[in-house]
Amino acid sequence: MASLDLGVDYKKVQDKVTATRNYNELKSQYDDTRKQAGDAFEQKKAAVTGQLGKIKEQTKRYQKEIKNQFEQLLDINNTTGGKGSNSTKYIKRLLITALKNVEPKLSQIALEESINAVGCDQQQEYNGGSTYFIKVKSIDLLNILTLDPKTEGKPLYEKKPILIQDYPFSMNKELYQLIQTGQSYSADNGQQYIGQSGQDLFNIQYVDQNLAGETGPWFRVDLANRVNGVNKVGTFLADYYKTIKITEPTNMMASIMESLSGVVSMSVGAGVGQVENQSKFDVLIQRILGLCFDNRSEIDVSGIAKVPELDGVDDTFFEFTEIDLRKIEQRVTNIKNKVIELEECDNILLPVDFPAVITQINNLNLIENNSDFINAADNLTQVLADNPQWGAGIQTNAQAALNLNFIKLIAQGIASAFLTPKVLLPIYVMLKAIGQETTDAIKGLVDFVKQFKRFAINFISKIGAIFVQELFELIKKDILALIQRVLTDIIKEKINKRISMILKLIQLLLIVASFISDWRKCKSVVDELLALLDLITSSLGFGSQIPLPLLFASQLLDGYSESRAFVGAIEELQKIGIPTGALPDGSPNLDVLGKFGQMKAMAKEDGDNGKVQIALGPLTITPAGLTVPSSAYGKKI
């Protein structure tokens, strides 16, 4: 039975994977040792070494900080190690590939959550034909519109030039252009901004003051009426979002590298306040990614498990601890000094060659071929580590650390790339069009997350769920490969048993992910992994209890398997701290192999000579009375 504490369940998955890996290794060594008894054993390289020490280290870290679901799955992937020493780099490329293809999903998320952010049904009508003023600062949370898209702002803007009525339209570039000219959109382009439907949506102009004389600066938005006179919020938002790309691969890569190393802030000379606000936003993103969306009936949250689901998020969720503030202050200082600090490299401050990284990011816009883009994007961390000032020894260790941190920051980077003026503009306009005036007070990312709590939590968690699903599929594939050897041994041992049941279970497991309705449900994900691993350690029958109806069902049990028992023994040995893998010099762990030999001998003896004697009570009533009690004999299998 799965635990109510997700931390325990994730640990259980790691333990079971470790036992299965060690079984595969030990079984190979056992077979080889039998063939080559008395001869020198050729040293083997274990796919995973020091598994027990790794788990202990992870346990200590676990007590210090709460890991989100994606990080927990990364830990499990390190245990499965399907791609060996290149596992992290493989996952990085896999997720970059996924990142390149998520734009349609992001558009759907933007539309759904923008309607939720307005806080109304999409059928609600707004006041068309009216003028509304949107503060520039309230939609430009990342200060993109202060940067020239042809120079320092290039990594943050759209790839395409401004082409009127050519979709996807480069709206962020257009908003920057409007600030430079001071002219309205219609004055510059001879028409209002037109939606995907071909209908006018609005005219927009940069102004210093609103009609009440309040300084902004502002974007003045004159809403058009729909042709049929029915101005529906959902229709407006859908018509607008279909004209733009929510974000682009280059923007996402720039945002991820900013979260990783601060290269964009270094390049544009961002101020202390701007970097501090971005850093606080990063902390909140990590907290949001740590949320689980399981029903209360599925999970009860304990002190060391995940933070509560959405209903449990209150004002304290957005407060920063002393540790948070120290980390934020250190990041601000590092960016100001143009250095990066890696935990895996003994926290040495390493200079950042940010011009080289920014150049590589900008070059992504020149690449059309998908495979070439993935290669170039994957190489960004290598460009960062290739700084000759780091030294060869540090570069090697740093590259692995940068790859891992890049993976962990993918969802965070996309979330930042998501919140640009072109995405927020229609939300703010619709809020004002239905009479809500709360957006003017928003001055930065933290203000936005607090004001739009539900919007921020939903869109960030949904982005995270995309990559949880990708990583889950990879881990599932690795686990199936791991258990294949164990199942093969069980099949060999029980060739005359119900093998079709085992094969059927494997087929069912291959489609298990289709039953996960929401990849933000931590319990569903970890339970599916546990079910996968329990295939080996659980019986394949339907009952074996003492009550008579269940006793009759004992004929359905699979019977004893020394391989399955050995996997269980490995788990128990690990629990009490006994190493079960190969010895430090790569030679077999003969003590553990001896236990397996003992189990096989006992199984053989039981199979050859074991028997059961059963007492049979009176069975039926005959004309002569009750049948005579007797005994029966059988075999235990």
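Start by selecting K89, which counts as partly exposed at 37% relative accessibility (buried is under 20% relative accessible area, exposed over 50%, partly exposed in between, with a 1.4 Å probe and protein chains only). Before going on, note that this is a predicted model, where local features need pLDDT of at least 70, side-chain atom pairs count only at pLDDT 80 or more, and totals for chains, interfaces and linings use all residues. Residues are numbered from 1 along each chain as its sequence is written, and side-chain values use heavy atoms, with hydrogens and water left out.

Now add D378: its side chain meets that of K89 in a salt bridge, 3.0 Å from N to O (the rule is a side-chain nitrogen of Lys or Arg within 4 Å of a carboxyl oxygen of Asp or Glu). D378 sits in helix 15 (residues 370-378) and K89 in helix 4 (residues 87-100), so the pair ties together parts that are 289 residues apart in sequence. Helices here are DSSP runs of H or I, at least four residues, numbered from the N terminus. Unlike partly exposed K89, D378 is buried, at 5%.

Next stop: E112 and K462. Their closest N and O atoms are 3.3 Å apart, making another salt bridge. E112 belongs to helix 5 (residues 103-118) and K462 to helix 21 (residues 453-493), so this pair links parts 350 residues apart in sequence. E112 is partly exposed at 34%, and K462 is partly exposed at 21%.

Hop over to E158 and K422, a salt bridge with 3.1 Å between the closest N and O atoms. Here E158 is in the loop between helix 6 (136-139) and helix 7 (171-181), while K422 is in helix 19 (residues 421-433). Both residues are buried. Back at the K89 site, salt bridges that share partners join K89, K92, R93 and D378 into one network.

Which residues does F354 touch? Select F354 in helix 14 (residues 354-363) and look for V263, M266, S267 and K338, leaving aside residues up to four places away in sequence (contact means heavy atoms within 4.5 Å). F354 is buried, at 17%. Between F354 and M266 the C-alpha atoms are 6.9 Å apart, though 88 residues separate them in sequence.

M266 also leads to N334, whose contacts, counted with that sequence limit, are M266, V339, E341 and L349. N334 is in helix 13 (residues 322-336) and is buried, at 9%.

Finish with G577, just after helix 25, where phi is positive at about 90 degrees.

Key:
Helices (H or I, at least four residues) and strands (E, at least two) are DSSP runs, numbered from the N terminus.
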